[in-house]
Amino acid sequence: MLSRLEAFGPVFRRPLPWALALSLAAGCTVPAPAPARPDTAPTTAAPPATPPAPGNAVFFEADLVTPLLAYADRLRSLPGPELAQEIARLGNAASTGDQLRLALALSQTRQLHDLVRAQELLQRALANNSEEARPLHGLARLLAARFAEQRRVEDQLDRQNQQLRDLQRRLEQTQDKLDALKEIERSLSSRPPAAPASSPRGRTRPPGP
């Protein structure tokens, strides 16, 4: 007698090839790619722009400022005639660098009108926004602050000197008055004493004939 599995074996064996074929066909089916649109072209993303390195700007500014600092150090050792020649050589100072050089030279004369002119040159340099002038704005602001402090001190010194001159003049006037009073006193003390006046009663009459 056949077992149930053996009895129904032909039933399970007959549809097996078809089921296997369907399962393989379903597993191997790959979706077809979508057709590309003819009116669109493939685009490539542009690489991001690289910002300029900040170190380059610092090095460029240092290349412009360092010679000016060396120039300022050299000016301090120049005697008066050579300093005047350097100021005359720079003249009107059209470029920003020459404007700062002339301002540095003028600040060494210790004259108020030269210091005022140096401040005007620094203001011209700060008002210039060209590519050449911008790296020098930091040094120009530093010099402007120092010259403003120097001018304040020199103005205060001038006022003190003026007050001292006024005090000296008043002292001289007071001394002149004292000398005049002493001269009057000496003139009075050097006069001879006046003779005493005789009274009319004390006169003797001449003897009569």
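**From a buried loop serine to an exposed leucine**

Let's begin with Ser-107, which sits in the loop between H5 and H6. Keep in mind as you look around that this is a predicted model. Is Ser-107 buried or exposed? Its relative accessibility is 2%, and buried means under 20%, so Ser-107 counts as buried.

What does Ser-107 touch? Leaving aside residues up to four places away in sequence, its contacts are Leu-115, Arg-146, Phe-147 and Gln-150. The side chain of Ser-107 also has a polar atom 2.7 Å from the backbone oxygen of Leu-104. If you measure to Leu-143, 36 residues away along the chain, you will find the two C-alpha atoms 9.9 Å apart.

Now step back into H5, the helix that holds Leu-104. Most of this helix is covered, with nine of its 11 residues buried. Among the buried ones are Thr-96, Gly-97 and Gln-99, together with Leu-100, Leu-102 and Leu-106.

From here we can turn to the largest nonpolar core, a set of 26 residues. Which of them have the most contacts inside the core? They are Leu-75, Leu-100, Leu-102, Leu-122, Leu-143 and Phe-147. At least two residues of this core come from each of helix H3 (54–75), helix H4 (80–90), helix H5 (96–106), helix H6 (112–127) and H7. H5 makes the biggest contribution, giving six residues.

Leu-100 is a good place to pause and look at the surroundings. Not counting residues up to four places away in sequence, Leu-100 touches Leu-68, Leu-122, Ala-125, Leu-136, Leu-139, Ala-140 and Leu-143. Two of these partners, Leu-122 and Leu-143, are also on the list of residues with the most contacts inside the core.

Let's move on to the outside. His-113 is found in helix H6. His-113 has a relative accessibility of 55%, and exposed means over 50%, so this residue counts as exposed. Its side chain makes a polar contact of 3.4 Å with the side chain of Asp-114.

Our last stop is Leu-181, in helix H7 (residues 137–189). Where does this leucine stand, buried or exposed? Leu-181 is exposed, because its relative accessible area is 55% and the cut-off is over 50%. Leu-181 shares a nonpolar surface patch with Leu-178, Ile-184 and Leu-188, and the patch covers about 400 Å². H7 therefore appears in both parts of this tour: the helix supplies at least two residues of the core, and it also holds the exposed Leu-181.

Notes: Residues numbered from 1 in each chain as written. Predicted model: local features only at pLDDT ≥ 70, side-chain atom pairs only at ≥ 80, totals over all residues. Heavy atoms only, no water. Patch = residues over 30% accessible without salt bridge, like charges linked within 9 Å, V, L, I, M, F, W, Y side chains within 5 Å. Areas by Shrake-Rupley, 256 points an atom, 1.4 Å probe, with all protein chains shown as cover. Salt bridge = Lys/Arg side-chain N within 4 Å of Asp/Glu carboxyl O. Helix = DSSP H or I, 4+ residues; strand = E, 2+ residues; numbered from the N terminus. Buried < 20%, exposed > 50% of the residue type's maximum accessible area, 1.4 Å probe, protein only. Core = buried A, V, L, I, M, F, W, Y, C linked by side-chain atoms within 4.5 Å. Contact = heavy atoms within 4.5 Å. Polar contact = N/O pair within 3.5 Å; in protein donor to acceptor, adjacent residues only side chain to side chain.
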